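Notebook open, structure loaded. I wanted to look up one loop residue first and then the protein–DNA surface.

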2 protein chains.
Amino acid sequence: MTKPEQDRNISSSFAKGLAVLAVFDAATPSMTLAEIARRTRQDRATARRGALTLVQAGYLRQQGRMLSLTPRVLALAGGFLQANQFGRRVQPILNQHARKIGAEVSLATLDQGRVLLLAQSTTEHGPITYGFTAGAHIPLVHTSLGRMLMACLAQEEAVALLESADIPQHTEQSRRDAAEILPQITKARSQGYCLTDSEFEPGIIGYAVPVSRPGQTPVVVGSSAPRGRDTGRNTEALLQALQICAADLRQTNVVEDL
Amino acid sequence: MTKPEQDRNISSSFAKGLAVLAVFDAATPSMTLAEIARRTRQDRATARRGALTLVQAGYLRQQGRMLSLTPRVLALAGGFLQANQFGRRVQPILNQHARKIGAEVSLATLDQGRVLLLAQSTTEHGPITYGFTAGAHIPLVHTSLGRMLMACLAQEEAVALLESADIPQHTEQSRRDAAEILPQITKARSQGYCLTDSEFEPGIIGYAVPVSRPGQTPVVVGSSAPRGRDTGRNTEALLQALQICAADLRQTNVVEDL
DNA sequence: ATCATAAGTACGAATAACGAACCAAGTCAA
DNA sequence: TTGACTTGGTTCGTTATTCGTACTTATGAT
């Protein structure tokens, strides 16, 4: 009577359940029922039904009062990874260049205004930086990957995204003002690469170059390395290597479709 | 009127929606609505609601009449991977041993009666075998990983699983009779490793050893290599290397909890 | 002990999902 | 071409399902 009936094509209970599954991120890998309810802003009873359904479906496990993800969630991602030939085509390229560069190489895209790590080189030696893996979300405004991704958008989209993003302060050097950051994005777009210095981790310089072509959904590849005394020379070489890596990735056509 | 009266704690629409998301696997990375409905055995209208909800939530994308997964599904798995420190602790171990062995190393567990690849070494050189990645399902009865996993179960569970599994014929050498396969599983359990020869890919020998301790949820690590003329000697070395790899993985305690 | 928080149960009301029936637009074979 | 078939989309009455309040039962900390 009162309610403008919402889209009959959308299953609201399903959407709520998905929200339950999505709250399990790296920061909170296991939660209690009440915590889920709070974070999804659902009624406790509703969250409970969603969680129990996920348990029954095998995506969550319940030990005591804690709920946590099961390996089965990997199967959901597996379809995407295999369909896009990540194992066969993307990963080798990332590894190859990571080895040449001597640092980890990451492939990332935008996902609901956050940086989503699509793949990451796995070097046997070399510094293991942060324990990021495919599927991880990383900061948007203070990483070279994030800024380069925003630079892949049209200027007005980038502005909107930047303004809606919150700007934490990871380090002393983290720029806090959007007005300071926006020029960096514009610069990145015009010069075709992005550098950040110590804004996410002190002493670490981030490098990123675009992979996607203009108009496509943004995909970038990047790396990071501690600032050394011959940083100037290295920067050139590193960016060039990343550009080649990006070109190789473009050739695989796996980034064509998002 | 009648008695639907199923568990009030389970949200059936949510479960149906999850089923829609789960049908997207490596074999069928993009499907039409009708196809989804057929494979999930849901009414077309029901499947449509589920799919559209997934589109709105950003997990599916619709191009023309085809629906396919978006990278966002990676975010679901990302929580699991980060929580268990796969990037930091598991992957380096797999890579290190893969390099030593000279072949890919895979970590796998059981998921609803199928073999689920948890992680896989990414070698820069060396043979890139099948394009398997984390989250992929691989055959159960004709791979060393699968048989070793079944060997990790109690005998009666293994028997039940084997009997419920279908037995395709990948190669000429694929054993087709459960009565033939069961002894192989028993043998694997008693000797602590499993070998398969050309039952999945002709000329390829599969090796697997357990990682999980008895009673835990089964986790195994394995590798594969083409049969050469010095296979006999290599088998020894390879199994030993895998055992060490398994021991290293046990020490990380990441497989404790599945 | 008390207080606070979490989890489980129950149930009537409200509604959201179901699926049949139908239409329009492709698609393919004859 | 025609005609049979498939697919996607829409509508709509029925009813099963979900919602959320309220109550009760753990668990745990002070």
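Started with the contacts of B:Gln216. Leaving out residues up to four places away in sequence, I find that B:Gln216 touches B:Val255 and B:Glu256. This is a predicted model, so I read these as contacts in a prediction. Looked up where the residue sits: B:Gln216 is in the chain B loop that runs between β8 (204-210) and β9 (219-226). Checked its side chain too, which reaches the backbone nitrogen of B:Arg213 at 2.9 Å.

Next entry: DNA strand D. I get 22 residues surrounding the strand, and the closest are B:Arg8, B:Ser12, B:Ser13, B:Ala34 and B:Arg44. Sorted by class, the surface near DNA strand D comes out as 10 charged, six polar and six nonpolar residues.

Which helices supply at least two residues each of that surface? From chain A, I noted α1 (12-22) and α3 (44-57). From chain B, the entries are α1 (12-22), α2 (33-40) and α3 (44-57).

Then I asked what part of the strand the protein meets. Of the DNA strand D atoms within 4 Å of the protein, 59% belong to sugar or phosphate, and the rest belong to bases.

Pulled some individual polar contacts. For the bases, a polar side-chain atom of B:Arg8 is 2.8 Å from a base oxygen of DNA strand D. For the phosphates, I have two: B:Leu33 uses a backbone N or O atom, 3.1 Å from a phosphate oxygen of the strand, while A:Arg49 has a side-chain N or O atom 3.4 Å from a phosphate oxygen of DNA strand D.

Note on methods: Residues numbered from 1 in each chain as written. Chains lettered and ligands numbered in written order. Predicted model: local features only at pLDDT ≥ 70, side-chain atom pairs only at ≥ 80, totals over all residues. Heavy atoms only, no water. Helix = DSSP H or I, 4+ residues; strand = E, 2+ residues; numbered from the N terminus. Polar contact = N/O pair within 3.5 Å; in protein donor to acceptor, adjacent residues only side chain to side chain. Contact = heavy atoms within 4.5 Å. Near = heavy atom within 4 Å. Nonpolar A, V, L, I, M, F, W, Y, C, P; charged D, E, K, R; others polar.
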